[in-house]
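Thanks for coming, everyone. I will keep this short. Let me put the structure up.

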Amino acid sequence: MMRSSPLRFTLALALLLALPAASAEADRLGTYRVKQAERRLPDRLQVSRSGIRAAQRRIGEKIQLPTPLLYSPELSKQYGLEVYLKLESSTAVGSFKIRGALNTVLSLKASDRKRGVVAASTGNHAQGVAWAARESGSATTIVMPEGASPLKTEKTRKLGATVLLAGSSYGKSVAIAEGIARQEGKTFISGYEDRRVVEGQGTIGKEILDQLPDVDWVIGALGGGGLMGGIASAGHRLARRPLYVGVQSANNAPMLEELRRDPAAPPRRKPVPVKHTIADGTLVTETPSAKMVDLLRSRMDLVVRVGERSTERAILTLLDRTGNRVEGAGALPLAGLEKALADLERPSLRGVARPKKVVLILSGGNIDQAKLDAIRRRHSAR
Ligand SMILES: Cc1ncc(COP(=O)(O)O)c(C=O)c1O
């Protein structure tokens with residue numbers, strides 16, 4: 001007895017020290033429910049269902065809409081509910097970004113279109129803007145952060161854009177792009193913080209409600225918030241609406257942090273420490289603006305944080321079991337579905353019903369083969 005007490009003491013101490021780490025990890029990953037009362041807060045971007053309908057008419061003249069919504073028997077069986085895949089990876093630029101960019105460029109005055117457009121992007125928005133500008137005869141300059149994906153850089157150049165690799169982070173590239181727009185009298189097109197961009201992305205939400213009116217959950221990746229802000233706006237204030245679920249990588253989840261703050265707290269803007277994430281499409285390097293936070297607060301229901309390993313696994317599952325090649329951000333919804341279903345037992349989610357029909361937004365398919373090969377190696381080695 002005497003001899004075991006130092007051991008017991010050590011064990012007890014180890015347990016005590018491990019407890020905060022374990023709960024920090026549980027807190028790092030998981031599902032957060034946006035408070036109902038906060039859904040009544042105003043949206044200062046003024047994204048509306050009528051704006052989304054107008055965007056649908058505008059962009060529907062240039063691109064084939066709707067994108068397919070496919071039932072997945074494999075995933076439905078795996079999760080015990082109906083899983084549908086919204087194939088935004090099937091657009092001309094391999095992501096949904098073509099929608100917001102096109103809606104914005106087509107909304108410009110002819111004289112502004114002639115002067116040209118500027119954007120900053122890690123890749124998908126760049127291609128969306130370049131494609132939209134080429135379609136409507138505008139010159140485009142795209143500023144991409146140093147170290148942007150070579151595949152995305154190359155594709156953007158091929159679309160006729162002038163690509164500048166400048167800025168050590170996305171935030172710095174944005175500042176450079178805004179400077180160019182000011183100096184050259186061109187229009188800066190934000191990746192998300194613009195009503196026209198958000199309403200363009202919102203056309204996805206409208207299509208889903210038309211394609212599967214009784215969908216229970218619509219799940220998509222959350223970066224700056226334009227994608228899910230738009231999609232959730234399509235169902236805003238409808239008597240019967242699905243739950244809108246946004247998914248972030250735990251390595252880069254500043255939007256969730258802002259949503260968890262008191263809405264009355266003064267807005268803040270600060271750099272976000274950047275940790276690598278396979279979901280590079282959603283990477284942001286600065287706290288999202290108060291306008292975007294308000295938009296999401298008033299529209300979203302759940303926000304899920306997932307880890308890198310489950311996102312990588314989701315990329316492989318989507319490829320191997322459904323034949324869909326998606327990038328990290330495009331796989332976040334599947335990783336998020338898995339996490340949110342597991343979290344339904346948590347007291348904070350009491351009253352959230354298990355969904356019968358879910359739509360996963362496969363928001364982008366632009367992944368380098370080398371990256372895909374590396375993921376495959378990492379997972380087959382386990
Ligand atoms: C493939 C993909 N999915 C999701 C997102 C997130 O979109 P948002 O920044 O509008 O939240 C992005 C952003 O670029 C993306 O490229």
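Which residues of α8 are buried? They are Y170, S173, V174, A177 and A181. Keep in mind throughout that this is a predicted model.

Stay with α8 for a moment. Seen down the helix axis, the buried residues fall within an arc of 105°, so they line one face of α8. That face is covered: β4 (117-120), β5 (140-144) and β7 (187-188) are among the elements over the buried residues. Now turn the helix round. The face turned away from the buried side carries R182 and Q183, both exposed. The length also checks out. α8 has 15 residues, 170-184, and at 1.5 Å a residue they should span 21 Å; the end C-alpha atoms are 21 Å apart, which agrees. Just after the helix comes G185, with a positive phi near 65°.

Next, a second helix, α13. It covers residues 308-322, which makes 15 residues. At 1.5 Å a residue the expected span is 21 Å, and the distance between its end C-alpha atoms, 21 Å, agrees. Its buried residues are T311, E312, A314, I315 and L318. Look at E312 there, on the buried list. Do these residues line one face? Let me ask it properly: within what arc do the buried residues of α13 fall? The arc is 155°, seen down the axis, so they line one face of the helix. The cover over them includes β9, β10 (302-306), α14 and α15 (369-380). And α13 is followed by G323, whose phi is positive, near 75°.

Now the overall layout. The protein chain is divided into two domains: domain 1 is 30-95 + 194-380, and domain 2 is 97-188. Their C-alpha centres lie 23 Å apart. How many residues of domain 1 are in contact with domain 2? The count is 30, and they meet 23 residues of domain 2. On the domain 1 side, α2 (49-60) and α9 (195-211) are the elements that give two or more residues. Of these, α9 gives the most, with eight residues. By class, that side of domain 1 has twelve nonpolar, ten polar and eight charged residues.

Since α2 came up, here is its own packing. G51, I52, A55, Q56, R58 and I59 are buried in α2. They pack against α4 (97-107), α9 and α10. The span of α2 agrees with expectation too: twelve residues at 1.5 Å each should span 16 Å, and the end C-alpha atoms are 16 Å apart.

On to the ligand. How many residues surround the ligand? There are 19, and the closest are G223, G226, G281, S363 and G364. Three elements give two or more residues to this shell: α6 (124-135), α10 (226-233) and α14 (328-343). By class, the shell has five nonpolar residues, 13 polar and one charged.

Now some backbone geometry. Most residues other than glycine have a negative phi, and most peptide bonds are trans. Let me show you the exceptions I picked out.

Start with the peptide bond. L65 and P66 are joined by a cis peptide bond, with omega about -5°. P66 sits in the loop between α2 and β2 (69-71).

Then phi. Q46 has a positive phi, near 60°. Its place is the loop between β1 (30-33) and α2. Is Q46 buried or exposed? Q46 has 12 other C-beta atoms within 10 Å, so it is exposed. R237 also has a positive phi, near 65°. You will find R237 in the loop between α10 and β9 (243-249). R237 is exposed as well, because just 9 other C-beta atoms lie within 10 Å.

Two last stops. K270 is in the loop between α11 (254-260) and α12 (290-299). Why does K270 count as exposed? Because it has 8 other C-beta atoms within 10 Å, and the cut-off for exposed is 12 or fewer. From K270 to T104 it is 166 residues along the chain, and 28 Å between C-alpha atoms.

Finally, E135, in helix α6. E135 has 17 C-beta neighbours inside 10 Å, so it counts as partly exposed. E135 and L159 are 24 residues apart in sequence, with 9.9 Å between their C-alpha atoms.

That is the tour. Over to you.

Notes: Residues numbered from 1 in each chain as written. Predicted model: local features only at pLDDT ≥ 70, side-chain atom pairs only at ≥ 80, totals over all residues. Near = placed C-beta within 6 Å. Helix = DSSP H or I, 4+ residues; strand = E, 2+ residues; numbered from the N terminus. Nonpolar A, V, L, I, M, F, W, Y, C, P; charged D, E, K, R; others polar. Domains from an automatic or database assignment. Contact = placed C-beta atoms within 7 Å. Buried ≥ 20, exposed ≤ 12 C-beta atoms within 10 Å, placed from the backbone. Expected span 1.5 Å × (residues − 1). Arc of directions from axis to C-beta.
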